[in-house]
Amino acid sequence: MISYMEHPSPVGTLLIAATDAGICGIYFEEHKHFKGKDGWLQTPTQAAAQHLKNAAMQLDEYFAGKRTEFDVALDLSGTEFQRGVWAALNAIPFGQSVSYAQHAQGLNNPKALRAVGSAIGKNPVSIIVPCHRVIGSSGAVTGYAGGVERKRFLLALENVVVK
């Protein structure tokens, strides 16, 4: 069962979703790959409520410049390949970026650049799983399910210089 809450942020209202096991989604308004909250509950179980509260608090700290890493429990649904790509995103340090090609190489799968890019784009836990830290090979800000302007904002918040 998925529970959710809406949470204000400098990049617009975030929809934070959780199961009893952990955070399973953070979506922006007009999120490209969001399938909707049909069947989700606004009254969470006690476990899901704690995950939602922790995520909201840590996101507030991140936006206030007081947090560079997240330590919330995650419950990510995706293929084994997608979960591997998303897990590797967590290795990109705060304030740094890598290109899509570098990310694919880091997964020992440089020929799967398109598949890696697609998996990054479908990351269900924006910000906490830092897909915004992946940029184009030229250093340009490219693609983001929440919109390129939000990606620019997040990179600027982390003092990442991009084109």
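**Exercise 1. Which residues does Ile 127 touch, once residues up to four places away in sequence are set aside?**

Solution. In this predicted model, the contacts of Ile 127, not counting residues up to four places away in sequence, are Leu 14, Phe 28, Leu 59, Tyr 62, Phe 63, Phe 70, His 132, Tyr 144 and Leu 154. The next step is to place Ile 127 in its setting: the largest nonpolar core has 35 residues, and Ile 127 is among those with the most contacts inside it, together with Leu 14, Ile 16, Ile 23 and Leu 59. Two or more residues of this core come from each of strand E2 (14-18), E3, helix H1 (46-63), H2, helix H3 (100-106) and H4, and H1 gives the most, with seven residues. Apart from this core lies another, of six residues, which include Tyr 4, Leu 15, Cys 24 and Tyr 27. As a general point, nonpolar side chains in soluble globular proteins tend to be buried together.

**Exercise 2. How do E2 and E3 run, and how many bridges join them?**

Solution. The two strands run antiparallel, and four bridges join them. To follow the pairing residue by residue, begin at Ile 16, which stands opposite Ile 26 in E3. Then consider the connection: E2 and E3 form a hairpin with four residues between them, and in the turn Gly 22 has a positive phi of about 160°. Finally, turning to burial, where the cut-off is under 20% relative accessible area, five of the five residues of E3 are buried, and the strand is thus described as mostly covered.

**Exercise 3. Which element gives the most to the lining of the largest pocket?**

Solution. Start with the pocket itself, which holds about 450 Å³ of space; it is lined by 21 residues, and the closest to its centre are Cys 24, Tyr 27, Lys 35, Ser 77 and Pro 124. Strand E3 (23-27) and helix H2 (80-89) each supply at least two residues of this lining, and E3 gives the most, with three residues. Sorted by class, the lining has eight nonpolar, ten polar and three charged residues.

**Exercise 4. What residues lie closest to the centre of the second largest pocket?**

Solution. The second largest pocket has about 210 Å³ of space, and of the 16 residues that line this pocket, those closest to its centre are His 33, Gly 121, Gly 143, Tyr 144 and Ala 145. Helix H4 (residues 113-121) gives the most to this lining, with three residues, while the division by class is six nonpolar, eight polar and two charged. Tyr 144 also links back to the first exercise, where this residue appears among the contacts of Ile 127.

Definitions and conventions
Residues numbered from 1 in each chain as written. Predicted model: local features only at pLDDT ≥ 70, side-chain atom pairs only at ≥ 80, totals over all residues. Heavy atoms only, no water. 1 Å grid on protein atoms, 1.4 Å probe; cavity = no way out; pocket = protein on both sides within 12 Å on 5 of 7 lines; lining within 4 Å. Points joined across faces, edges and corners; volume = space filled by probe spheres on them. Nonpolar A, V, L, I, M, F, W, Y, C, P; charged D, E, K, R; others polar. Core = buried A, V, L, I, M, F, W, Y, C linked by side-chain atoms within 4.5 Å. Buried < 20%, exposed > 50% of the residue type's maximum accessible area, 1.4 Å probe, protein only. Contact = heavy atoms within 4.5 Å. Pairing = 2+ DSSP bridges.
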